Amino acid sequence: MYENEKVKISGGNKITGWTEYKDGIYKAPYGDGSYVRQLSVNGNRARRAQTENMEIITDLYDDTSDEQNTVDGLVFDSDRFVDYQNKQDIQIHLSRGWYSILFNTDDIRKSEDGKSIFFPSQPDLKNTVNGIHPLKKELAVVIENAFEELDTPGEFYYNRAEKTMYYMPRADEDMKTADIWAAELEILLEVKGEKSIDKVKNIEFNGIEFAHATWDRPAELGLRNGQAQVFHVNEKDEITDVPKGFVPACIQLQWAEKINFINDTIKDMGAVGIGLYQGVNYCNFEGNTFADIADSAMTVGLSNQTY
C-alpha cells in the first residue's frame, strides 16, 4: 500500500531533449517514424498543426485518365499547399451530414491556373462523392498535419521522416520543465478471460489515472465514419477482437465479471475510452472522470453481436 501516491497507467512515451528551433517552435528527437496523433503537454491536449481558417473546395478535379473515378482531386484557390513537405502525411478533414471524414493525401499538384489540387486516397474519395451526404464544391474543410501550418501555440507536428517532434508552446509552458507525452499504445488495458467457462473476476481499479492511448488507423488509412461507432471498412483493415468497421476501445473488457472502475480518470484516449464486449457482467463503474476522449467514453457490445 502506497500512501497518498497517485497511480498513473500510461500508454505513451515521455519526450525530452527539447531545443529551440525557430519562430517560437521547439524540437526534440522522438520515436521510430510511426504515426503520432496525440500529444499531451502538462496534462493538456495539444493539436496537430492545421489551417486556422476553413479552406473552401472551389472545384472537383477529374483527370479523365480513367472511367472508374469521375472525381480525382479537390481544388483550392491558393497555390501555397503545392510546396508543402511530406504530402502523404497531410490530411483533409471535413464534416458532411453525420459523417466526419479524414482523407489521406496521395499528392498535391499545381493547376495550370495556379491553384492547388489535392489528390485524396481512393476509394475513399470516390465513395464520398457517390455516397450519402456527398462531397461537393463549396464545402469548407481543415488541412491537418502539415508542418507549414505550425504557427499557433499548442500545436505540434511529427516529422516521421526525420523522427523529430516539433511543438509551439503556449505562453504558460516552460519547455525546460514541461511534461510532454506522445500516445503510442492502442490497447492500454485488456481484461480478457477464456470464454464463459473461465472469466476474469473480482478486480477493482480505484483512483487510477489511465492516459495516453491512441488509435493509429485514422492516420494510416484515413477515416469515413458513420453512426454508433461504425466506420467504412478499408481492405487493409486488420482482423482483431473488435469487428472491422467498429471503433475500438483503449480499455477493453471481454469475458469478465465483477471488474470495477471506481473514481478513476480516463483521459487522452484516441478512440473509445472503455469498451465492454462479449461476456461482461456485474461490473461497476462509479465516480469516474473522462476527458479528451476521441470517441465515446464507454460502449457496450459489438456490432456483430445480438443482445
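This report covers the aromatic rings, nonpolar cores, cavities and largest pocket of a predicted model.

## Aromatic rings

The model holds 16 aromatic pairs. One of them joins Trp98 and Tyr99: the ring centres are 6.0 Å apart and the planes meet at 50 degrees, so this pair is tilted. A pair is called tilted when the angle is neither under 30 degrees nor over 60. The two residues can also be described by their accessibility. Trp98 has 42% relative accessibility and therefore counts as partly exposed. Tyr99, at 10%, counts as buried, because buried means under 20%.

Elsewhere, ring pairs connect Tyr21, Phe147, Tyr157 and Tyr166 into a cluster.

## Charges over rings

Two arginines are placed over aromatic rings. Arg109 lies over the face of Phe119, 4.1 Å from the ring centre. Arg160 has its charged end over the ring of Tyr35, at 4.0 Å from the centre of that ring.

## Nonpolar cores

In soluble globular proteins, nonpolar side chains tend to be buried together. In this model the largest nonpolar core has 30 residues, and those touching the most other members are Phe205, Phe210, Ile251, Leu253, Phe261 and Met269. Two or more residues each come from strand 18 (189-192), strand 20 (208-213), strand 22 (249-254), strand 23 (256-262), strand 24 (265-269) and strand 25 (272-276). Strand 22 gives the largest share, four residues.

Ile251 shows how distant parts of the sequence meet. Not counting neighbours within four places in sequence, Ile251 contacts Leu189, Phe210, Phe261, Ile266, Gly273, Ile274 and Gly275. Another core, of 21 residues, lies apart from the largest one; Phe76, Phe81, Tyr99 and Ala146 are among its members. Tyr99 is thus found both in this second core and in the tilted pair with Trp98.

## Cavities

There are four cavities of 30 Å³ or more. The largest cavity has a volume of about 60 Å³. Its lining consists of Tyr35, Arg48, Gln88, Asp89, Ile90, Gln91, Asn104, Asn145 and Ala219. Tyr35 in this lining is also the residue whose ring lies under the charged end of Arg160.

## The largest pocket

The largest pocket contains about 790 Å³ of space. Its lining is made up of 32 residues, and Arg37, His93, Leu102, Gly270 and Ala294 are the ones nearest its centre.

At least two lining residues each are supplied by strand 7 (47-48), strand 12 (99-110), strand 24 and strand 28 (289-293). Strand 12 provides the largest share of the lining, three residues. Strand 24 contributes to this lining and also to the largest nonpolar core.

Definitions and conventions: Residues are numbered from 1 along each chain as its sequence is written. This is a predicted model: local features need pLDDT of at least 70, side-chain atom pairs count only at pLDDT 80 or more; totals for chains, interfaces and linings use all residues. Side-chain values use heavy atoms; hydrogens and water are left out. Rings of Phe, Tyr and Trp (its six-membered ring) pair if their centres lie within 6.5 Å; planes under 30 degrees apart count as stacked, over 60 as edge-to-face and the rest as tilted. Buried means under 20% relative accessible area, exposed over 50%, partly exposed in between (1.4 Å probe, protein chains only). A charge sits over a ring if NZ of Lys or CZ of Arg is within 6 Å of the ring centre and within 35 degrees of the ring normal. A nonpolar core is a set of buried Ala, Val, Leu, Ile, Met, Phe, Trp, Tyr and Cys residues joined through side-chain atoms within 4.5 Å. Contact means heavy atoms within 4.5 Å. On a 1 Å grid over the protein atoms alone, a cavity is a set of points where a 1.4 Å probe fits but cannot get out, and a pocket is an open set with protein on both sides within 12 Å along at least five of seven lines; lining residues have an atom within 4 Å of a point. Grid points are joined across faces, edges and corners, and a volume is the space filled by probe spheres set on the points.
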